[in-house]
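Subject: The structure I promised you

Hi,

Here is the structure we talked about, ready for you to open and turn around. Have a look at it first, and then read on for what I found.

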Amino acid sequence: MDTSKPETISAPASSGHTQELTGAEILVKGLQAENVKYIWGYPGGSVLYIYDALYQQDTIQHVLVRHEQAAVHAADGYARATGDVGVALVTSGPGVTNAVTGIATAYMDSIPMVVITGQVPTHAIGLDAFQECDTVGITRPIVKHNFLVKDVRDLAVTLKKAFHIARSGRPGPVVVDIPKDVSFKKTVFEGYPADVQMRSYNPVRKGHGGQIRKALQMLMAAKRPYIYTGGGVLLSDASQELRTLVDMLGYPCTSTLMGLGAYPASDPKFLGMPGMHGRIEANNAMQHCDVLLAVGARFDDRVIGNPKHFAQNERKIIHIDIDPSSISKRVKVDIPIVGDVKDVLLEMIQMIKESSMKPDTSALGGWWETIEGWRKRDCLKYDRANTSVIKPQYVVETLHAMTKGTDTYITSDVGQHQMWAAQYYGFDEPRRWINSGGLGTMGVGIPYAMGIKLAKPDSEVFCVTGEGSVQMCIQELSTCLQYNTPIKILALNNRYLGMVRQWQEIEYSGRYSHSYMDALPNFVKLAEAYGHVGMLIERHEDVEPALREARKLKDRTVFLDFRTDPTENVFPMVQAGKGLTEMLLGSEDL
Amino acid sequence: MKHIISLMLENEPGALSRVVGLFSARGYNIESLNVAPTEDPSLSRMTIQTHGSDDVIEQITKHLNRLIEVVKVVDLTEGAYTERELMMVKVRAVGKEREEMKRMADIFRGRIIDVTEKSYTIELTGDQGKNDAFLEAIDRTAILETVRTGACGIGRGERILRV
């Protein structure tokens, strides 16, 4: 590589005669070249030239949200479901600060996004101009990278870099801050670069062959192996490779909250989700395995509990991750493999096929027996016999039973309902479970759902939420109507901020400090006011018929207000600071 | 343990704040930091002196590598290296002190680079231990002002950090 220049830019994708274009026009051409189909955004002073350029084209559909936070969430949800880079467009100042939550949400879950932000004109930067904020400074800790474009001649290359950085390596959001004068100044446009190489950014894809071989030898010699998979498997689109490997080995497998669907939940080799609200068999296997293969997972505090307790049992750890800084961050790893999950898994499969390596099947039999013993405890049981109230778990189970095997996406917000959705909806396919795992952002559910529905009009999109979370982006019901994105919202309404209430019950002696919401809106009327259908469901026996009816209203957004048991808690539960196997299994453990 | 980390980064606005922001956001220490462009004006060379356990230093270098504008990172303390710091000390120098200060500067191979009737400014170069030792050796009450660049390091012999 030529190292005398910071980057090399190859010839433009579209040759042809050169022309003078404004920054805004170049931006739009760049977005078209990146094959962007949708932009979620909100106009304002600094981005008016960009909006003017968007008005004069028809290949990119712009969606006008009702709050910038939702624009970023919708683009994020779209990216999670499709694997494409999500694009949002906001104005300077408050537009940016409103977008910050959305950007941080995407960053924590490594979601590829490009967020275009308007900025005050370059001559006004630093003078406390109207709607000015230091966008690059504010977003720096929550982006993979960000750019301030000060010269219109740099715009095309910067946009190319932004998309390249967002989607390659460990993906993440990239902010491109464009001052107003840059968007209206003209320059000769010689085409959008087809490719860009940066000397300072060259993410690896292929894992180290020697490490992979060592890892396989360790895996084959394991007596109590366990495969622990995370969001990285989905980000790398390596679900098929994971399935092949797990099936070749016959080893038990788990997926974190971010990785659900990578391996089919209905397969007996799947032990369910691990972690704070994980299943007994998933957590016990984590603690008692002798070889742990971590694939695109990061040993998060919500997954392994107290790291000291986790380290009490000796085990060998193999960790596949594209980001070296994820390896040996919280847990010391024996065999690190830096590389793209898909590439590494493919190589593993190939090596097994070409060699005579075989798993230790006799030891495996005993290990499976132990696991089946844990599984028999049926840790997800709840009081099914009690039909005098609506159990929130029952709503999710019913939804699962009705939609199993169909083309369905489930989004959620954050709290108890999120955990119940993750526990009781068995995800068999990747990219079907869309939630905010890392940042835990309440309010993502509706924007995620509408982002997905726009791109997947023929799929059914359900948002499992709570009456607390849903109010954090409820204004987007208006966007759903304008852009005809009919989603089904299932609010598990227990009148409490349920997860807060649960912690207060367990750890704060039942002092329910500000976790009860009085004066909730009438959600049925609210949905109707926004032009949608509202349904109130108060009895157990009405749950299924209501869902059936809502699904029949294919072209309508339906808000289902389920009045659920206000005392129900999420179990199993590993309290903060406790070890992974120190689980509370039900209210009798309190 | 003390570590000296050297990095090459794109000489672009904001690159420095990304490095500094990383240290503060993740709770790592910076004892000193020194940065300037290199013979290639598109590149800056930065020297960071920090301390931490091996695990922490490993994370620091990994996270530095993750920054898009960072081209190369090396922990100089992993091998043979030379470290220098420039210090300028303005000291009171009246009467008998003038001779004494001159002598001390000579012993430490410092140079007097500014002289007034009442003061000397002494320039010293060395590792930080030497510069500390000079400050210990002279009369503390005579020190009017000190300024130090922080550590600047380079590998010995064939150990070369370049892009």
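Let's begin with chain B. Going along its sequence, you meet the elements in the order β-α-β-β-α-β-β-α-β-β-α-β-β. That gives four helices and nine strands. Before you go further, keep in mind that this is a predicted model.

How far does chain B spread? Its C-alpha trace spans about 55 × 35 × 35 Å along the principal axes. The chain has 163 residues, and 28% of them count as buried. If you take the contacts in chain B between residues at least 6 apart in sequence, 73% join residues at least 24 apart.

Chain B also comes in two parts: domain 1 covers 2–79 and domain 2 covers 82–152. Their centres, taken over C-alpha atoms, are 29 Å apart. Where the two parts touch, six residues of domain 1 of chain B are in contact with five residues of domain 2 of chain B. On the domain 1 side, β2 (32–37) and β3 (43–51) of chain B each supply at least two residues. β2(B) gives the most to that side, with three residues. Sorted by class, the domain 1 side has two nonpolar, four polar and no charged residues.

Now for the place where the chains meet. How many residues does each chain bring to the contact? Chain B brings 17 residues and chain A brings 15. On the chain B side, α1 (15–25), α2 (54–66) and β4 (70–75) each supply at least two residues. The largest share comes from α2(B), with five residues. By class, the side of chain B that touches chain A is a mix of five nonpolar, six polar and six charged residues.

Over to chain A, where a pair of helices is worth finding. Helix α8 (residues 209–220) and helix α14 (residues 341–354) of chain A have axes that come within 10 Å and cross at roughly 60°. That angle is why α8(A) counts as oblique to α14(A). The crossing of α8(A) past α14(A) is right-handed. To see who meets whom, pick out A:I212, A:R213 and A:L216 in α8(A), which meet A:V344, A:E347, A:M348, A:M351 and A:I352 in α14(A). By class, this contact has six nonpolar, no polar and two charged residues.

Next, try helix α11 (residues 280–288) of chain A. Why is it largely enclosed by the rest of the structure? Because eight of its nine residues are buried. The buried residues of α11(A) are A:I280, A:E281, A:A282, A:N283, A:N284, A:A285, A:M286 and A:Q287. What do they pack against? Their partners in chain A are β11 (225–229), β12 (253–255), α12 (301–304), α15 and β23 (583–584).

Last stop: A:L364, which sits in helix α15 (residues 361–375) of chain A. A:L364 has 18 other C-beta atoms within 10 Å, so it is partly exposed; being buried would take 20 or more. Apart from its neighbours within four places in sequence, A:L364 is in contact with A:G250 and A:P359. You can also check the spacing from A:L364 to A:Q418: these residues are 54 apart along the chain, and their C-alpha atoms are separated by 34 Å.

Have fun exploring!

Conventions
Residues numbered from 1 in each chain as written. Chains lettered and ligands numbered in written order. Predicted model: local features only at pLDDT ≥ 70, side-chain atom pairs only at ≥ 80, totals over all residues. Axes fitted to C-alpha atoms, helices over the stretch in contact; angles between N-to-C directions. Parallel < 35°, antiparallel > 145°, perpendicular 65-115°, else oblique. Left-handed = near helix turned anticlockwise from the far one by under 90°. Contact = placed C-beta atoms within 7 Å. Nonpolar A, V, L, I, M, F, W, Y, C, P; charged D, E, K, R; others polar. Domains from an automatic or database assignment. Buried ≥ 20, exposed ≤ 12 C-beta atoms within 10 Å, placed from the backbone.
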